[in-house]
Amino acid sequence: MTTATEYKAGSNLERILSAGQFAVTGECGPPKSADGSVIEEKAKILKGYVDAVNITDNQTAVVRVCSMASGYQAQQNGLEAIMQMTCRDRNRLAMQADILGASVLGIKNVLCLTGDHLSFGNHPEARGVHDLDAITLLKMYKDMRDESRFQCGEEMTVAPQLYLGCAENPFADPFELRALRLQKKIEAGADFMQTQCIFNLPKFKKWMEAVRALGLHQEIKILAGITPIKGAGMANYMKKFVPGMDVPQEIIDRIAAQEKGAPQQAEGKKLAVEMIKELAEVEGVAGVHIMAVEWEAAVPEIVEAAGLMPRPAVA
Amino acid sequence: MITAERKPFDEILSLVEGKKKILVAGCDTCVAICLTGGEKEAEILASELRIKAQQDGREVEVEHTAAIRQCEWEYLDMIAQKVEEADLVLSMACGIGIQSLAEKFSPKLVMPAVNTNMLGMPQEHAVWLERCVACGECRIGLTAAICPVVRCSKSLMNGPCGGSHDGLCEVTGPNHEEIECAWALIWERLKAQGREELMFTDRPPKNWSKSSSGGPRKMVREEAKPV
Amino acid sequence: MAEAPQAVAAIETEAPHKPVDPGFEPEIIVFACHYCAYAAADLAGSMRLQYPSNIRMIKLPCTGKLEIIHLLRAIEGGADGVYAAGCLEGECHYLKGNLWARKRVDHVKDLLVEVGIEPERVEMYNMSSAEGAKFAAAATEFTERIRQLGPNPAKRPGVNPHDAARAALDGVAMADEGQPPAEATAEEGTR
C-alpha cells in the first residue's frame, strides 16, 4: 500500500493503479472551435465511469483546442484529465513551459507522444517541430519532476508533480522490438502506458508474453486500448487507412453481419465488452483505455456491462 | 549531391515576364548530374521560351550558356560577358549557385529556374533519394550509418514509432510513393553487424543549434587561407 | 461501363474544331534512321507507293541520336509536325536507340503541352526496312493529322523549318540525300 509521500503526483489514476485496482480511462477529443461547452458535455457523460480521461492534442495533426485548456476544463467539471503532449508541434521550451503551466492548473497526468505526422492532418504545409521524441520527452519530464531540473540543467524551485504516461503499439513492426521499446520508455521515466486499440487479441497476448518475460508489467502499469466499433464501415476504414491498426477480418464480418445503424452499434458495444473481460484476465494488464471518440455516450453502457462499476475511490 | 527540380513552366514565365533579353544559365556540376540544369537543359529551356514567345508574338532574345560551377567566382568570370548583356539571368543552378551568381553580378536581375530540393543520393539512374540534411552534428555512427534526422519522417532519435509497418513508414511521399522506415533499416543493419545493443542506448536530444536552425552557418579553414 | 460511351461522345462533341484552311500545306520534318526507316522510304519509292510530299527527311544513323533539343528546335524552326521513324522495337540496329527515341518523343510531348503547343505535332513511328507500305501510311496519316491541326502557332515568316532542324542537329545528321523519289509523291508538292 503506497502512502501519499510515495506517489509521484497523487492523481486519481495513480492511486487506483498503485492500489492494484483495475483502472478504466477514457478519451475525449476537444472541439475544432472555441466552443467551451463541448468538453463540459463530454465530461458529464463520462464522469463516474472512468478514472481519468485522455484529452487529445491536435490528434491526427488536425487543429483543436489544446489539450491543456480542455484538460483544465474537464477537471473543473469533475473529471480527471490525462493531458497529451506531442513532439510534432512544440520544441523543448514550449513543452517544459506547458507542463509547468499544466501543473500550476492542477493537471497531473501527462501522456508523452511523438505525434501523428503533419501529412495526415489539415495543415500539411506547417513545419513539423520534432525537437524531441517521446523518449527524450519522457526523460525531460522525469528530470523536471524528480530532480527539479530543466532540460538545460538549470534548477527550479518547485517541481511539477507528474504521473507520466506513454503509448506503445503492440501491432507495429518490427514486432520483435516492441517489448524492448517499452523497456526503453520505462527507463526514460514512464509510469503508465496505454496501447493502441486492440482487435487482434492473440497478437496482443503474444506481445504481453514478451513484456512479461522482461518483467516490464511490474515496472509499468499497462492499460489495454479498446475502441468500440460503431459500424462495419468504420472498421474497414481503420483497417485500410489508419496507420498501425490490426483489424482481423472476422471482427469486420461479425459487425457487418448485423444491419447498419443501431444493430451494428449494439454488436460493436457487445464486442467491446467481451474484449474488456478477456483483457482483464491477461496477466500484466492493469486496466483498460476506452477510446470511444465522438461516441462517448457508449462508454457508460460498456463500463457497466463489463462489470467495472462502481469505479473505486482510493484515498 | 545537391539535387533540384525545374520549376513549372508557367512559374518560370511569370518570373521572366516583360524582359526582352534573357540568358538561361546552366551549371555543369550537381544540377547537370541530376539532369535538371546543365548546359543541355539550359538549351532546352531556352528553346521552350522562344517557342512560347513566337506563339505569343513577343519579341524576346533568349540565349543559353553554362558555367562549370556557378558557386565559384572564377568560373562565373567565364560567362561574365553574356551575363552583362542580358536583362535577366534565369539560373538553373542550385540555390547556392543562383545566389553566388546574383552576388557577383549584383544588381543584375537573377531569377531561379529550379527548386533546389535535397542532398540526394542516386539510388539508380534517374532516381534520387534524400540522405542528408546538413544538421552539423552527425551521429550516424550510433545508427549503423543511417541518418534518422532526415530518413525518419519524424526525426526520431529513439525510433521506430508505432506507425512503422512492414519496414515502411506510416507516411507516404507526395506522390504516394512508399518511404522506408529508417528505424527498421537501422535495426536490421545493427542486427547484421551484431550490434543490437546500440538500438537501446541512451540517445540524448539533438543539438539543433549546430543546424541551420541556429542561424546561417560559416566555415573557415584558417590554415588554408592565403598568406 | 455504361458511362464510357457517353464520356466519349461528350469529348467528341466538345472538341474544338479549328477551321481547316484548304490551302494549308503542312511542313513536316522526319528524322529517319538509316537502317530501317530510310530504307523503308526508299522501298516505298521503288514500289511507287503514294505518300505526301509534305515530308522532308533528315537521315540519322539511329533515332537514338535524336535529342530532346533537336525535336524542340524543329518546332521552334516552324515545322508544323515532326516525327522520328525508327526500327521496330527489339530490332534496333544499335539495340536500344529507338527505345530512347520513344522516351524522348514522349517527353517532348509533355514539353509542348507546357509551352501551349499540341503534343500531337510530335510522334514516333516504328517500321522495318521491308515495310515500305508502313512508311507511306505513317507519312500519310501524320500529314493528315497535322493538316487538321493547322499551322504551328510558333511559326515565323522567313524561317525554313528544314534548315533550322538540320542546323540544330549540328553534324549528327547524315548527308542529305534529297527528297524521296519523285514518283512516290501523290499531291503536287509546294516544293
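Here is a walk through the chain contacts and one sheet of this predicted model.

Let's start where chain A meets chain B. Each partner brings its own set of residues to this contact: 22 from chain B and 22 from chain A. If you sort chain B's side of it by residue class, you get 11 nonpolar, 8 polar and 3 charged residues.

Now hop over to chain C, which also touches chain B. Here 14 residues of chain C are in contact with 10 residues of chain B. On chain C's side, the elements that supply two or more residues are the helices α3 (68–76) and α4 (97–114) of chain C. The largest share belongs to α3(C), with 6 residues. As for chemistry, chain C's side that touches chain B splits into 9 nonpolar, 1 polar and 4 charged residues.

With both contacts covered, let's look inside chain B itself. There you'll find an open sheet of 3 strands, ordered β1-β6-β7 and paired antiparallel. At the edges sit β1 (2–6) and β7 (127–132) of chain B, and each has a single partner strand, so one side of each has no neighbour in the sheet. The strands in this sheet are also turned relative to their neighbours, by 70° on average if you ignore direction.

Zoom in on one of those pairings. Strand β6 of chain B covers residues 114–124, and β1(B) pairs with β6(B) in the antiparallel sense over 5 bridges. Want a specific spot to click on? Try Ala4(B), whose bridge partner in β6(B) is Thr116(B).

Conventions: Residues are numbered from 1 along each chain as its sequence is written. Chains are lettered from A and ligands numbered from 1 in the order in which they are written. This is a predicted model: local features need pLDDT of at least 70, side-chain atom pairs count only at pLDDT 80 or more; totals for chains, interfaces and linings use all residues. Two residues are in contact if their C-beta atoms, placed from the backbone, lie within 7 Å. Ala, Val, Leu, Ile, Met, Phe, Trp, Tyr, Cys and Pro count as nonpolar, Asp, Glu, Lys and Arg as charged, and the others, Gly among them, as polar. Helices (H or I, at least four residues) and strands (E, at least two) are DSSP runs, numbered from the N terminus. Two strands pair if DSSP finds at least two bridges between them. Axes are lines fitted to C-alpha atoms, for helices over the stretch in contact, and angles run from 0 to 180 degrees between N-to-C directions.
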